[in-house]
Amino acid sequence: MKLKNIYITHTNCITPLGFDVDSNIEAIANGITGISKQENSMLPIPFYAGVVNNDKLEAAFAVISNNQSYTRLEKMILLALYPVLQKSGVKPDSKTALVLSTTKGNITSLSKGNNLPDEAYLQGLANNVANFFGFTTEPVVVSNACVSGIMAISVAKRLIQAGIYDNAFVVAGDEVSEFVLSGFNSFQAMSAEPCKPYSANRTGVTLGEAAAAVLVTKESVNAKATVIGDGSINDANHISGPSRTGEGLVRSIESALKESGISAGAIDYISAHGTATPFNDEMEAIAFNRLGLNEVPVNSLKGYYGHTLGASGLLETVIALEAMDKNKLFASMGYDEPGVSQAINVIEKTEEKEINYLLKTASGFGGCNTAVIFEKANNGK
Amino acid sequence: MEALKQELKEKIIDVLNLEDIAVEDVNDNDPLFGDGLGLDSIDALELIVMLDKDYGIKLADPKEGKAIFQSIETMAKYISENRTK
Amino acid sequence: MANNYFITDHCIIEKGKVLHNGQEVFAMPEAAFPDFAKQAYKHLNTDYAKFFKMDNLSKLSFLAADILLKEYIADGSNNTALLFANSSSSLDTDVKYNDSIADKDDYFPSPAVFVYTLPNICMGEISIKHKLYTENSFFIFEAFNPEFFAAYAQALLDTAKADRVLCGWVDFLKDDYKAFMYLVSKEQGTAHTKENIQTLYNN
């Protein structure tokens, strides 16, 4: 069965490094991280996190709306999506989907003993976003742990290929909160310094917050990339520990490769998950080796942003698509010496390289994995 | 020491929801992880919380847990030597 | 578009009752969920010690899935995708976890509770038990959405990402819960249409 080509045309992101794609790329190219030291009531001890500045957020939001009833996360999400809608000119009609990815949504709106406010429901959050822009279709909320952001692109592609929609605005967002900080801390998973993915000196995760947005569409005009294959396959191993064999990630990549019709050897660059926990990074290295992807340049963007949970897969795709467009491999921040048992080709310094095929991967709690392959839209020119 | 061991067995069964296991089934030297009680990595993290909450012991390095949580015997010994409550 | 798929088997768990293809297989209508779940587990010979470590949403989902997946050999070859959704995400456990960190004088965040503050964990539990190296995805809608289930399940089958799809609406919040699960494949059964899905859901 021949499926329609599905494209990504417009992108945006709201992060500690900037409120548009250009400022983020400039910061990354200059080796600047969005992670900084935090000392506040969210954790009993000082910690590192990638946090969006409140004053900057309020100032930026005031430009698009004077309605102060939105939560902090909603403001980030609305700001991420706003220019994507504006610039694309695509109307939120009956053939246009809103796909929203988040893990914890407005979790900060929970308070002990009180009833659940509407916005604590993920669909409540999604409705607030949908109503702001006047979407007429019911939002599709993807909440699948740390793969949600990249899975959202796969979901949008599948729904368009199935003929349900012509366009899908995909937006993702998650916040740094006491809720997730205390949880990762109870997992003994937090790094005492900014995270160092794949490094022998890594000591765990740094959390971050961000929102990102893209337009997924069947129209090729303005295309940055074609989404040519995807897979989201479970490890069937453990609900929190990454698989020792990388089984789910291997199968997810194989599924994406099979659909794309390209071989593993054609992949030019991998934007991987790289949370900097010992077991995650090891699992990825094993999976990439099993597939013969060990020589392909790979980075984790967690060193720039921390782990932005449900936003991470989409944010990292937005950055990786720019890398592909500019034929640039960005250094994997925090990497110094090899720290995984099977060698992989971690990008140590930012350099030029022609990139035509990009593989984006993510893995998360519940044993989930997602892999999506993108082809440069002007491939061959 | 015997009272502490008994207390630990009861607590572990309760905290880790070991529905099919009775206090009498757990021997002092049985391995808690792997083939013994079959505990896993989340259980180990939960035992670290239990040390803190019930005995006032904060592990500086979670890797220490491996030696401490070998058996009821090793746990009881460590707790009796290090407890602050 | 032509629809070549069928609903072969379905199951509902709600209000202290377990129904398999419309037949009541277990009931404890007066019991609170933890007790009901424990007795249903015993009655259905589920035999899986980790069941008792799960949160409510996972227990509910696991019981329903086990009824429908029992007949398949768990050797890793079963390409049954999991397509789940609900309206409350993991809020039932989120609230419990959030309460546990609210008091700073009694602050002991539990990793065993935190891990269940994601709705897709229940799919992980089911995948482990039934060795499903398969497509997993969890969605949130305001209410049961047969149209989406029908379209996405068909897309998974049409594109050969799966041979069979286990669709599940699994919602748990406070004392309210409902699991509605059904299998979709090319095997003969009830026509896979959104109307039929809604009818089975309404029971």
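Hi everyone. Let me start with a network of salt bridges that links A:Lys157, A:Arg158, A:Asp230, A:Glu259, C:Glu135 and C:Lys161. Please keep in mind that this is a predicted model.

Let's look at two pairs from that part of the structure. A:Arg158 forms a salt bridge with C:Glu135, and their closest N and O atoms are 3.0 Å apart. A:Glu259 and C:Lys161 also meet through their side chains in a salt bridge, at 2.8 Å from N to O. That second pair crosses between chains: A:Glu259 sits in helix α7 of chain A, while C:Lys161 is in the loop between α6 (146-158) and β6 (164-173) of chain C. Are these two partners buried or exposed, or something in between? A:Glu259 is partly exposed, with a relative accessible area of 26%, whereas C:Lys161 is buried, at 11%.

Now let's zoom out to the whole interface of chain A and chain C. Here 59 residues of chain A are in contact with 54 residues of chain C. The two chains bury about 4,500 Å² between them, with 62% of that on carbon and sulfur atoms. Our friend A:Arg158 comes back here: together with A:Phe179 and A:Ile239 it supplies 14% of the area that chain A buries against chain C, more than any other three residues. For the polar side of the story, the rule finds 4 salt bridges across this interface, and 26 residue pairs are in polar contact, both residues being at pLDDT 80 or more. Which element gives chain A's side its largest share? That is α6(A), with 7 residues. By residue type, the side of chain A that touches chain C divides into 30 nonpolar, 19 polar and 10 charged.

Next, chain B against chain A. This contact takes 6 residues from each of the two chains, and the area buried is about 490 Å², of which carbon and sulfur atoms give 68%. On the chain B side, B:Ile42, B:Leu45 and B:Pro62 lose the most area to chain A, together 69% of what that side buries. How many salt bridges does the rule find across this interface? The count is 0, and there is 1 residue pair in polar contact. The chain B residues touching chain A are 4 nonpolar, 1 polar and 1 charged.

Let me finish inside chain A, with helix α3, residues 72-88. At 1.5 Å a residue, its 17 residues should span 24 Å, and the end C-alpha atoms are 25 Å apart, which agrees. Because 12 of those 17 residues are buried, α3(A) is largely enclosed by the rest of the structure. What covers the buried residues includes β1 (7-14), α2 (54-64), β4 (96-101), α4 (122-133), β6 (167-174) and β8 (210-217) of chain A. Among the buried residues of α3(A) is A:Lys75, whose relative accessibility is 4%. A:Lys75 forms a salt bridge with A:Glu58, with the closest N and O atoms 3.1 Å apart. Since A:Glu58 lies in helix α2 and A:Lys75 in helix α3, the pair ties together parts that are 17 residues apart in sequence. A:Glu58 itself counts as partly exposed, at 33%. Just after the helix, A:Gly89 takes a positive phi of about 70 degrees.

One last number for the whole structure: over all chains, it holds 38 salt bridges. Thanks for listening!

Terms used. Residues are numbered from 1 along each chain as its sequence is written. Chains are lettered from A and ligands numbered from 1 in the order in which they are written. Side-chain values use heavy atoms; hydrogens and water are left out. Helices (H or I, at least four residues) and strands (E, at least two) are DSSP runs, numbered from the N terminus. The expected span of a helix is 1.5 Å times one less than its number of residues. Buried means under 20% relative accessible area, exposed over 50%, partly exposed in between (1.4 Å probe, protein chains only). Contact means heavy atoms within 4.5 Å. Buried area is the accessible area (1.4 Å probe) that two parts lose on being put together, summed over both. A polar contact is a pair of N or O atoms within 3.5 Å; within protein, one must be able to donate a hydrogen and the other to accept it, and residues adjacent in sequence count only if both atoms are side-chain atoms. Ala, Val, Leu, Ile, Met, Phe, Trp, Tyr, Cys and Pro count as nonpolar, Asp, Glu, Lys and Arg as charged, and the others, Gly among them, as polar.
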